[in-house]
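User: I am new to reading protein models. Please take a close look at one part of this one and walk me through it.

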Amino acid sequence: RCVQETVFEPDSIRNGTSLGSVKSLGGANGILTSLKVTSKNGINHDDLSDVSNRAREFGDNSPIEKPPISFLDLVKDCFEDFILRVLCVAAFVSFVLGTLTEGLAEGWLEGFAIFLAVIIVVTVTASNNYFNEQQFRKLNAQRESISFVVLRKGKPEKISVYNLLVGDILYINTGDIIPVDGILIKANQINIDESSITGESDLISKVSLDQAFKADNNDNHQPFLISGSRVIEGTGEMIVCAVGVYSQLGQLKLKLQDTPGPTPLQLKLEAIANDIGNLGTWCAGITFCAMLLHLLYEKLFLEGELFEMNTLKEIVSFFIIAVTIIVVAVPEGLPLAVTVALAYSVTQMKEEQNLVRVLAACETMGGANNICSDKTGTLTQNQMSVTHLWIEENIHTTISKFNIGPEALKYLCENVCINSNATPKILDSGKVDQIGNKTECGLIEMAHKMGFNYMEYRPVSYTHL
């Protein structure tokens with residue numbers, strides 16, 4: 001590989017190791033030469049052998065996700081619950097004992113009822129998790145299927161994020177979420193939010209690789225773009241150096257695919273089942289011993305023979321009573337009640353446009369005691385808006401173009417549209433997706449409400465590479 005994966009680790013970037021490694025490779029020209037591309041032409045996508053060789057040697061940028069779980073696997077997962085396994089054993093024992101004591105005509109009812117409760121619990125849980133898993137996959141496919149502009153065969157070309165390859169020259173703009181790891185070769189006032197990777201909310205200024213060499217390993221002048229970070233301001237071009245599972249975001253996604261452990265409620269239910277089982281076993285043992293001692297006392301001191309067939313039948317009946325106590329002690333309705341409650345919670349959250357992937361997530365979400373956060377935008381909307389306006393010697397608390405003179409309104413809104421770098425997106429619903437400096441976005445949104453579209457005051461070359 002032309003660039004080691006450790007180059008894009010945050011610690012290596014901060015201590016200057018990454019910049020030293022890239023310098024030893026010959027800088028931007030050395031990396032481009034080793035990747036057999038130029039900054040003016042990029043990859044030749046017509047050469048299919050070159051494209052396939054890059055995907056084979058450096059990997060592709062296909063989505064990283066677990067293989068789909070079958071319905072049968074989800075059913076098997078349900079039986080990992082200890083209390084359900086206990087109920088299955090209880091159903092079998094109850095069916096056998098009922099058939100022996102009451103006959104097949106009526107003795108099967110209690111065991112079948114317990115087994116039916118297990119079937120309902122498993123069906124509801126597995127079905128909910130299966131259909132929600134399918135919906136989540138469709139939503140994620142739509143959300144992550146975005147396009148980027150790359151330089152291929154000397155011309156800008158818009159391609160899917162899944163088709164990015166090592167060696168591509170990727171154009172980046174304000175608001176883009178970097179999908180791969182790369183090195184800047186051109187930069188224009190780029191500020192990056194790396195909080196999703198490093199946890200630090202401060203914006204980080206990025207420069208081109210040549211500027212970084214001139215800055216002599218200054219931590220404030222770095223050319224490395226980490227996948228998963230967001231471009232808050234600026235534009236530029238970067239060499240794609242790591243994609244898919246070899247990128248920082250890809251490695252993070254692989255770590256997040258570990259199978260989660262049992263939820264707190266599942267642990268509590270398992271503890272209850274163990275306690276009830278132990279208590280039932282002790283009670284059954286005490287009952288069996290008491291009846292056995294009473295039988296021995298009658299046979300030895302009152303009347304009857306100890307070693308006879310009736311004595312054996314009575315001992316067997318004592319054992320059946322003891323087993324019945326254990327079976328009755330198992331709370332067969334508890335898992336069903338919990339499942340119905342969680343399924344109802346999922347339904348209510350769907351009505352509020354919240355799709356819950358796993359049924360048990362409703363229980364864990366409701367179990368949070370404290371939320372600790374120091375990130376702006378986590379507990380707030382991470383947006384700014386104009387609430388008061390001072391113009392023409394007056395303070396306006398209601399922002400409306402009818403409260404301002406036409407000439408002053410024109411000067412104000414044109415000034416906001418021209419003297420700003422933010423590029424918010426006006427959605428079809430009329431809402432604004434604030435991309436860039438939040439203060440500028442709030443002012444541009446005010447101008448938009450006044451009837452001024454900032455795009456009409458920006459040159460085309462400024463908003464499009």
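Analyst: What follows is a close look at one pair of helices and the cysteines there.

This is a predicted model. Start with helix α16, which covers residues 406-418. Its partner here is helix α17, residues 438-449. Their axes come within 9 Å and cross at roughly 135°. That angle makes α16 oblique to α17, because it falls short of the range over 145 that counts as roughly antiparallel. The crossing of the two helices is left-handed.

Which residues make the contact? From α16 come L412, C413, V416 and C417. From α17 come L443, I444, M446 and A447. Sort them by class, and the contact of α16 with α17 has eight nonpolar residues. Polar and charged residues are absent from it.

Two names in that contact are cysteines, C413 and C417. Is C413 buried or exposed? C413 has a relative accessible area of 0%, so it is buried. Now turn to disulfides. A pair of cysteine sulfur atoms must lie within 2.5 Å to count as one. By this rule, the model has zero disulfides. C413 fits that count: the nearest cysteine sulfur belongs to C417 and is 6.5 Å away.

For contrast, look at C289. Its relative accessible area is 43%, which means C289 is partly exposed, whereas C413 is buried.

To recap, α16 and α17 cross obliquely, and their contact is made by nonpolar residues. Within that contact sits C413, a buried cysteine that is in no disulfide.

Methods. Residues numbered from 1 in each chain as written. Predicted model: local features only at pLDDT ≥ 70, side-chain atom pairs only at ≥ 80, totals over all residues. Heavy atoms only, no water. Buried < 20%, exposed > 50% of the residue type's maximum accessible area, 1.4 Å probe, protein only. Axes fitted to C-alpha atoms, helices over the stretch in contact; angles between N-to-C directions. Helix = DSSP H or I, 4+ residues; strand = E, 2+ residues; numbered from the N terminus. Parallel < 35°, antiparallel > 145°, perpendicular 65-115°, else oblique. Left-handed = near helix turned anticlockwise from the far one by under 90°. Contact = heavy atoms within 4.5 Å. Nonpolar A, V, L, I, M, F, W, Y, C, P; charged D, E, K, R; others polar.
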